[in-house]
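Subject: Structure for your review

Dear colleague,

Please find below the structure I am handing over to you, together with its sequence. A summary of what was found in it comes after.

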Amino acid sequence: YGDATTRLDSTDTNQPLANYEEAIKAFRKLQQLYPASELASLSWGRIGACYLQLAARDADNYTNATRAFQRVLDDSKASAAARSQSEVGLGLALTKQAAILPETEQAETRQLALQHFLNVVYGKNLREGETGDPFWVKKAGLEAAKLAEDLQLWEQAVGLYDYLINALPQLTPTWESRKVRARSQLAAVKVE
């Protein structure tokens, strides 16, 4: 019900994001009914995603989103895919939050966001015996590469693309073209 609610057009023209608030109520109900299940953990991730949408109206919701995503990361019942999804959500929330921070605080917050993306790419969020979820590795890789390039961490971007070529070979043409661009930027920086 919560997921379906987020996909509906809002009936309240004064509150176009009201469906996300309604979805949060549904996800919280799931936590009350099944507190010991993996569904409760998954609902925290969905709550984080709702708060991320609500942050367009109120920036305080970035904090609510990061707290919800962190709950999934801390939950022993959460699957690797759920933790990866939340780690990516946490990175996205921090990236968006950085954009509204004072300039002196932006780089540190963006670096923290980058670390969350890289945790998924490099499998640092996995427990023993788990493997990375290809969808979330790809999503995290795309976000990490974009952020590394935005931060002008060209050497790190090149290394990331090399890793992604091996981890997700079906996307080699994409990774290769981006790696060429990052290498040219790295070469330009070394010349200066």
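The notes below cover the overall fold, the pockets, a surface patch and the salt bridges.

Please bear in mind throughout that this is a predicted model.

Overall fold

The chain contains 9 helices and 0 strands, and its pattern along the sequence accordingly reads α-α-α-α-α-α-α-α-α. The C-alpha trace spans about 60 × 40 × 30 Å along its principal axes. Of the 192 residues in the chain, 42% are buried.

Pockets

The largest pocket holds about 250 Å³ of space. It is lined by 15 residues, of which Arg46, Ala49, Leu52, Gln53 and Phe69 are the closest to its centre. Two or more lining residues come from each of helix 3 (38-54), helix 5 (80-100) and helix 7 (134-150). Helix 3 gives the most, with 6 residues. By residue class, the lining of the largest pocket divides into 8 nonpolar, 5 polar and 2 charged residues.

The second largest pocket has a volume of about 150 Å³. Its lining consists of Tyr1, Gly2, Asp3, Ala26, Phe27, Lys29, Leu30, Leu33, Leu39, Leu42, Ser43 and Arg46. Helix 1 (2-7), helix 2 (18-33) and helix 3 are the elements that give two or more residues to this lining. Here helix 2 gives the most, with 5 residues. The lining of the second largest pocket divides into 7 nonpolar, 2 polar and 3 charged residues. Arg46 deserves a note when you set up any pocket comparison: it is among the residues closest to the centre of the largest pocket, and it also lines the second largest pocket.

Surface patch

Leu33, Tyr34, Leu39 and Leu42 make a nonpolar surface patch of about 380 Å². Among these residues, Leu33, Leu39 and Leu42 also belong to the lining of the second largest pocket. Leu42 is found in helix 3 and is partly exposed, with a relative accessible area of 34%.

Salt bridges

The count comes to 10 salt bridges. Three pairs and one network are described here.

Within helix 2, the side chains of Glu22 and Lys25 meet in a salt bridge (4.0 Å, N to O). The two residues are 3 apart in helix 2 and so are separated by about one helical turn. Glu22 is partly exposed at 32% relative accessibility, whereas Lys25 is exposed, with a relative accessible area of 55%.

Helix 7 holds a second pair, in which the side chains of Glu143 and Lys139 meet at 3.3 Å, N to O. Glu143 and Lys139 are 4 residues apart in helix 7, hence also separated by about one helical turn. Glu143 counts as buried at 19% relative accessibility, just under the 20% limit for that class. Lys139 is partly exposed, with a relative accessible area of 28%.

A third pair joins two helices: Arg181 forms a salt bridge with Glu149, with 2.8 Å between the closest N and O atoms. Because Arg181 lies in helix 9 (residues 172-191) and Glu149 in helix 7, this pair ties together parts that are 32 residues apart in sequence. Arg181 is partly exposed at 41% relative accessibility, while Glu149 is buried at 13%.

Finally, Asp162, Glu176 and Lys179 are linked in a network of salt bridges.

With kind regards

Methods:
Residues are numbered from 1 along each chain as its sequence is written. This is a predicted model: local features need pLDDT of at least 70, side-chain atom pairs count only at pLDDT 80 or more; totals for chains, interfaces and linings use all residues. Side-chain values use heavy atoms; hydrogens and water are left out. On a 1 Å grid over the protein atoms alone, a cavity is a set of points where a 1.4 Å probe fits but cannot get out, and a pocket is an open set with protein on both sides within 12 Å along at least five of seven lines; lining residues have an atom within 4 Å of a point. Grid points are joined across faces, edges and corners, and a volume is the space filled by probe spheres set on the points. Ala, Val, Leu, Ile, Met, Phe, Trp, Tyr, Cys and Pro count as nonpolar, Asp, Glu, Lys and Arg as charged, and the others, Gly among them, as polar. Patches are made of residues with over 30% relative accessible area and no salt bridge: like charges are joined within 9 Å, nonpolar side chains (Val, Leu, Ile, Met, Phe, Trp, Tyr) within 5 Å. Accessible areas come from the Shrake-Rupley method with a 1.4 Å probe; for residues, only the protein chains shown count as cover. Buried means under 20% relative accessible area, exposed over 50%, partly exposed in between (1.4 Å probe, protein chains only).
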